[in-house]
Amino acid sequence: MKINGGIRFVEKGITASIRAMHVDSELISITNENIVGFDKVGYQRKDAVVSSMTEFLGVHGLSTTVDDKVGRLNISPNPLDISIASKGYFQTESAEGIKITRDGRFKLDKDGNLLTLDDSKVLSNTGMPIKLHIVPDDLKQIKINDRGLVSVFNPSTHKLEGVAYLGVVDSNGALLMDPKVKQGYNEFSNVSLQEEFVNLMPVIKNFDANRQLFMIQNQNLQKVISQLGSAT
């Protein structure tokens, strides 16, 4: 008669705990990013998307989506601070190509080019950079209506002269016919701190639970290894 004996260590329990902690850490990181972006102009909160395979894939089963609800609109003294009171984005052009943003803090250079704070060119609804043919001494002489038409006061004719329409598009790049542009406003993030902290609590508790499981399993494994060592 031959007797086969031994101890087999199944790694699944510890691996599952580690994987779960990694997922929880990533969820906490997404929430922290939203909290940090609370007071940022144009910031849109991120929602975590947990797939049904995350239990096995770990962080590779996580993705994020952008919450495109309109954020908090605050009055600004700068006439070139523009916000969009509907879902949509301004189109800008930089050395890296065309980008979209909800940060409407614009400025004017000495040549009349309408620029973002990082010097990207603001595009019109025709896809061309917006350039004013008159550079006013007072920015209040620039008017932008709710459809995004940029006009400038001509001191020679004492009339407002249209320049171009702001290129406001949806997330797919299609132009919006009624963008609801508001001049003299900043849009801050659409983050609710209360909601973020409420959502954070169960994730932290889940992380702590998996941490405790990992420690228990690790201690048991150390005991087994110690007993095996003493037996030999």
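A salt bridge is a side-chain nitrogen of Lys or Arg within 4 Å of a carboxyl oxygen of Asp or Glu. With that criterion in hand, the tour can begin; note that the structure on display is a predicted model.

**First stop: aspartate 178 and lysine 180**

Select aspartate 178 together with lysine 180. Their side chains form a salt bridge, with an N to O distance of 3.2 Å. Aspartate 178 is partly exposed, at a relative accessibility of 44%. Lysine 180 is likewise partly exposed, with a value of 39%. The count for the model comes to 12 salt bridges, and further examples follow.

**Second stop: glutamate 187 and arginine 102**

Move next to glutamate 187 and display arginine 102 beside it. The two residues form a salt bridge whose closest N and O atoms are 2.8 Å apart. Glutamate 187 belongs to strand 15 (residues 185-187), while arginine 102 sits in the loop between strand 6 (97-101) and strand 7 (106-108), so the pair ties together parts that are 85 residues apart in sequence. Are these two partners buried or exposed? Both glutamate 187 and arginine 102 are buried.

**Third stop: lysine 87 and aspartate 68**

Select lysine 87 and aspartate 68. A salt bridge joins their side chains at 3.5 Å, N to O. This pair links distant parts of the chain, 19 residues apart: lysine 87 is in the loop between strand 4 (82-84) and strand 5 (89-94), and aspartate 68 is in the loop between strand 2 (62-66) and strand 3 (73-75). Lysine 87 has a relative accessible area of 49% and is partly exposed. Aspartate 68, at 29%, is also partly exposed.

**Fourth stop: a network and asparagine 190**

Now select Arg45, Asp47, Asp67, Lys69 and Glu196, which are linked in a network of salt bridges. Keep these residues visible and add asparagine 190, found in the loop between strand 15 and helix 3 (193-231). Asparagine 190 has a relative accessible area of 12%; the residue is classed as buried because that value is under 20%.

Which backbone atoms does the side chain of asparagine 190 approach? One is the backbone nitrogen of arginine 45, reached at 2.9 Å. Another is the backbone oxygen of lysine 69, which lies 2.8 Å from a polar atom of the asparagine 190 side chain. Leaving aside neighbours within four places in sequence, the residues in contact with asparagine 190 are Tyr43, Gln44, Arg45, Asp67, Asp68, Lys69, Val70 and Gly71. Among them are Arg45, Asp67 and Lys69, members of the network just selected, and Asp68, the partner of lysine 87 at the previous stop.

**Fifth stop: asparagine 154**

Select asparagine 154 in strand 11 (residues 149-154). This residue is buried, with a relative accessible area of 12%. Apart from neighbours within four places in sequence, asparagine 154 is in contact with Ile134, Lys159 and Glu161. With glutamate 161 there is a polar contact between side chains, at 2.7 Å. For a distance check, pick the C-alpha atoms of asparagine 154 and serine 124: they are 21 Å apart in space, and the residues are 30 apart in sequence.

**Sixth stop: two positive phi angles**

From strand 11, proceed to histidine 158, in the loop between strand 11 and strand 12 (159-165). Histidine 158 has a positive phi of about 60° although it is not a glycine. At 60% relative accessibility, histidine 158 is exposed.

Then select aspartate 119, in the loop between strand 8 (114-116) and strand 9 (121-122). The phi angle of aspartate 119 is near 70°, again a positive value in a residue other than glycine. Aspartate 119 is partly exposed, with a relative accessibility of 48%.

**Final stop: the largest pocket**

Conclude by selecting Ala16, Arg19, Ala20, Thr54 and Glu55, which lie nearest the centre of the largest pocket among its 13 lining residues. Helix 1 (12-36) and helix 2 (54-57) are the elements that give two or more residues to this lining. Which element gives the most to the lining? Helix 1 does, with eight residues. By class, the lining has six nonpolar, three polar and four charged residues. The space in the largest pocket is about 300 Å³.

Note on methods: Residues are numbered from 1 along each chain as its sequence is written. This is a predicted model: local features need pLDDT of at least 70, side-chain atom pairs count only at pLDDT 80 or more; totals for chains, interfaces and linings use all residues. Side-chain values use heavy atoms; hydrogens and water are left out. Helices (H or I, at least four residues) and strands (E, at least two) are DSSP runs, numbered from the N terminus. Buried means under 20% relative accessible area, exposed over 50%, partly exposed in between (1.4 Å probe, protein chains only). Contact means heavy atoms within 4.5 Å. A polar contact is a pair of N or O atoms within 3.5 Å; within protein, one must be able to donate a hydrogen and the other to accept it, and residues adjacent in sequence count only if both atoms are side-chain atoms. On a 1 Å grid over the protein atoms alone, a cavity is a set of points where a 1.4 Å probe fits but cannot get out, and a pocket is an open set with protein on both sides within 12 Å along at least five of seven lines; lining residues have an atom within 4 Å of a point. Grid points are joined across faces, edges and corners, and a volume is the space filled by probe spheres set on the points. Ala, Val, Leu, Ile, Met, Phe, Trp, Tyr, Cys and Pro count as nonpolar, Asp, Glu, Lys and Arg as charged, and the others, Gly among them, as polar.
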